[in-house]
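Good morning, colleagues. Please keep the sequence and the three-dimensional view in front of you while I go through a few selected features.

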Amino acid sequence: IYQISCNFTSIGVSLIADTPQRREIISLYADKLIIKLVQSCDMLSVECSIHDVQIDNYSDTVIHPVLLSRYRSVRGGTRRSDDENTPFIQIAALRQKIPGPPTTFVFKYFTGRILPLVVEFDSGTVQLFIVDMLSNLEAVSADRRKSESFPEEWMREYNGGVLSPLSSRFVDVYDAQLYAQQSKILYEKLVFHPIKVLVSFVEADLPSERESDAVVSPLLDVLASLAAVDLVEIRLNSFIVSNAVESLQTLRNRLQAKVAQDIRGQIAQIAGSLTVLGSPAGLMRNIGGGVQDFFYEPAAGLVQSPLDFIKGVSTGTTSLVSGVIGGTLSSTASIVSTASNGLSYLSGDAEFVKSRTMTRKKSIAARGGALAGLKDGGTSILSGIASGVTGIFTKPITEAQREGPIGFMKGVGMGVAGAAVKPVLGFTDGFSSIAKGISNEVGDTLPPASPMRPPRAFIRTTGGITPKVLCPLDMSSAYSQRLVHLNANRKSLTDDFICVTAVDETFQVVFSELFVFLTKNYDEVVWKTEW
């Protein structure tokens with residue numbers, strides 16, 4: 001009899017891509033990982049739990065900086081778990097080994113549970129992950145791996161099989177029967193609890209310097225056809241097996257078929273959550289939840305006391321009003337935003353369309369409140385007017401530099417079209433941002449999760465295969481690298497972090513390829529100069 005227990009306070013895993021340059025693209029965090037194994041005679045007990053899991057996304061096209069997180073309901077404008085003491089993932093199993101022949105394994109019980117989770121991603125992240133990571137992977141068979149690692153042993157086995165062909169003609173029926181029986185496992189009780197997943201997806205273009213790396217994939221075609229969905233709820237029902245004898249392959253096939261069936265049964269709900277349609281499913285969910293609270297809260301309070309009844313009436317009425325207003329404004333904002341997307345192409349300015357689209361998507365993904373909506377709305381109105389007016393003068397010059405006199409005339413037409421379309425886009429985007437912000441404020445919109453940290457920085461070298469070397473995580477370098485990249489993005493520059501030196505507890509000197517910065521607390525630029 002023995003017992004093994006492992007407790008990990010926190011575990012972090014980083015996924016590093018080497019192409020086109022070395023960088024961190026995904027990081028995974030698992031908090032309070034507990035594993036307990038108990039072996040007693042022929043019984044093996046396994047318990048595993050993970051209190052919290054989060055996956056951060058550092059892709060170049062990132063819209064949602066957190067790829068996966070634990071669902072936390074909205075209370076008082078903050079994300080809170082219904083029970084912070086309950087582990088996010090729990091797995092427990094009790095296996096009995098019955099000596100043979102054949103040796104048989106019996107699972108007295110096997111159970112797994114995952115609490116509700118949120119998955120948010122964009123098509124650009126999927127594209128870059130396929131290009132930078134999966135395209136370099138190669139499936140290697142066990143035979144090939146052995147031939148490369150132990151060539152002499154592999155040659156002996158291969159020659160033996162070729163020179164003794166008669167040995168492959170006979171099959172030991174008894175051994176075949178034992179193998180077939182050993183591959184079967186008896187499950188007295190197998191339970192996978194239901195799972196609720198909230199999924200958000202948005203289409204995102206690749207950076208201009210990476211557009212040539214775009215791949216063609218049926219999966220990406222399906223994702224692109226979705227346009228965008230925001231927090232669509234997908235439920236996977238429980239999977240229960242009792243007193244069944246199955247191989248692992250058969251059990252896996254049954255589980256996959258069950259998941260596919262559950263998803264197919266929710267296609268209508270997924271389609272109803274498309275933002276291009278105004279998310280009618282979300283509208284009905286908000287109004288329905290308000291109507292339910294309007295009747296439920298007073299009834300629940302009535303059985304307690306007259307004072308609780310009055311509180312229930314107030315709570316139910318507030319929920320109904322916020323559900324109707326929030327759902328209506330959210331759907332209206334989505335419809336207006338969709339219409340303005342088509343109108344933007346009439347401006348004839350591809351760079352303006354691309355910049356506007358990315359700004360709008362990031363603003364929607366941030367799920368800000370009324371103040372954030374007013375700020376984004378005012379910015380959209382001013383930028384639309386400014387871009388339309390300046391385009392009258394800048395577009396003819398820009399196009400003339402590209403195509404000469406013909407380009408000049410083309411630029412005049414683009415400037416006039418932009419002057420007519422861009423201010424209208426500014427006002428429609430402004431209205432959409434304000435309506436969305438108010439909807440988020442009065443409704444129960446889930447605020448986005450915050451990433452654990454910025455992507456890690458790498459040590460630069462003067463020689464070697466790669467100019468950057470993986471090193472232990474240094475938060476001062478990570479925050480300084482984020483500051484350098486934010487400064488470069490605001491000015492449409494290509495810049496990279498080199499190193500940082502602390503002056504004191506407050507100020508730091510940050511060196512990049514283009515600038516020297518004096519920063520305060522790693523996030524405020526006090527002074528900078530080119531070098």
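K410 forms a salt bridge with E403, and the closest nitrogen and oxygen atoms of that pair are 3.7 Å apart. I should say at once that this is a predicted model. K410 is partly exposed, at 42% relative accessibility, and E403, with a relative accessible area of 41%, is partly exposed as well.

How many salt bridges does a search of the whole structure find? The search gives seven. Another of them joins R22 to D18, where the closest N and O atoms are 2.7 Å apart. R22 has a relative accessible area of 21% and is therefore partly exposed, since the buried class ends under 20%. D18 counts as partly exposed too, at 46%.

A further salt bridge links E188 with K108, with 3.2 Å between the closest N and O atoms. E188 belongs to strand β10, residues 184-192, and K108 to strand β8, residues 104-114, so this pair ties together parts of the chain that are 80 residues apart in sequence. Both partners are partly exposed: E188 has a relative accessible area of 28%, and K108 has one of 29%. Finally on this topic, E24, R453 and R456 are linked in a network of salt bridges.

I turn now to strand β3, which spans residues 43-57. Is this strand mostly covered or mostly open? Mostly covered: eleven of its 15 residues are buried.

Which strands pair with β3? Strand β2, residues 23-40, runs antiparallel to β3 and is joined to it by 14 bridges. Strand β7, residues 89-98, is also antiparallel to β3, with eight bridges between them; here E47 has A92 as its bridge partner in β7. Strand β4, residues 66-70, pairs with β3 in the antiparallel sense over two bridges, and I55 has L68 as its partner in β4.

Within this strand, let us look at S49, which is placed in β3. S49 is buried, with a relative accessible area of 14%. Leaving aside neighbours within four places in sequence, S49 is in contact with K32, L33, I34, P87, I89 and Q90. From S49 to G112 there are 63 residues in sequence, while their C-alpha atoms lie 9.7 Å apart in space.

The connection between β2 and β3 also merits attention. These two strands form a hairpin with two residues between them, and S40 has M43 as its bridge partner in β3. C41 sits in the loop between β2 and β3. Its phi is near 55°, a positive value in a residue other than glycine. Most residues other than glycine have a negative phi. C41 is exposed, with a relative accessible area of 69%.

Where else is there a positive phi in a residue other than glycine? Y522 has a phi near 70°. Y522 lies in the loop between β18 (515-520) and β19 (524-530), and at 23% relative accessibility Y522 counts as partly exposed.

I close with the cysteines. C6 is partly exposed, with a relative accessible area of 29%, and C48 is partly exposed at 24%. With a disulfide taken as a pair of cysteine sulfur atoms within 2.5 Å, the count comes to zero disulfides.

Terms used: Residues are numbered from 1 along each chain as its sequence is written. This is a predicted model: local features need pLDDT of at least 70, side-chain atom pairs count only at pLDDT 80 or more; totals for chains, interfaces and linings use all residues. Side-chain values use heavy atoms; hydrogens and water are left out. Buried means under 20% relative accessible area, exposed over 50%, partly exposed in between (1.4 Å probe, protein chains only). Helices (H or I, at least four residues) and strands (E, at least two) are DSSP runs, numbered from the N terminus. Two strands pair if DSSP finds at least two bridges between them. Contact means heavy atoms within 4.5 Å. A salt bridge is a side-chain nitrogen of Lys or Arg within 4 Å of a carboxyl oxygen of Asp or Glu.
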